[in-house]
Amino acid sequence: PVSVVVPVGSTLQNSGLNDSLQAGVIFTLADLVWIPNTSGGYDRYFYHTSGNWRNAATNTNLASDVPLSSGFFIQRKGEQSQ
């Protein structure tokens with residue numbers, strides 16, 4: 001779990017998290033970022049080796065910025081965590 005105070009306007013795309021996470025061609029090979037959604041659950045994202053953030057459920061590039069909340073999870077699955 002990560003708890004941070006994020007500046008107004010912070011998004012997954014401008015967070016710089018991709019510099020610290022293992023990218024992958026598919027979500028099973030990459031570190032995942034779990035961000036709370038409005039339904040009380042979480043949306044999962046990963047950084048693709050092509051240089052784009054993707055939705056882990058659909059494996060598609062994000063069409064718009066994903067706002068960061070003050071609490072989210074990082075699930076380490078890449079080579080850096082082994």
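1. Two strands count as paired if DSSP finds at least two bridges between them. With that in mind, Ile35 stands opposite Asp43, a residue of S3. The model discussed here is predicted.

2. The strands concerned are S2, residues 32–36, and S3, residues 42–47. They run antiparallel and are joined by five bridges. A further partnership is that of Pro36, whose bridge partner in S3 is Tyr42.

3. S2 and S3 make up a hairpin, with five residues between the two strands. The turn contains Gly40, which has a positive phi of about 90°.

4. On to the next pairing: S3 also pairs with strand S4, residues 53–55. The sense is antiparallel and the pairing extends over three bridges. Tyr45 has Asn55 in S4 as its bridge partner.

5. S3 and S4 form a hairpin too, and five residues lie between these strands. Here Gly51 takes a positive phi near 95°.

6. Where do S2, S3 and S4 stand in the order of the sheet? The order is S1-S6-S2-S3-S4-S5, so S2 is followed by S3 and then by S4. The sheet is open, has six strands, and is antiparallel in its pairing. Its edge strands are S1 (2–3) and S5 (60–61), each of which pairs on one side only.

Methods
Residues numbered from 1 in each chain as written. Predicted model: local features only at pLDDT ≥ 70, side-chain atom pairs only at ≥ 80, totals over all residues. Heavy atoms only, no water. Helix = DSSP H or I, 4+ residues; strand = E, 2+ residues; numbered from the N terminus.
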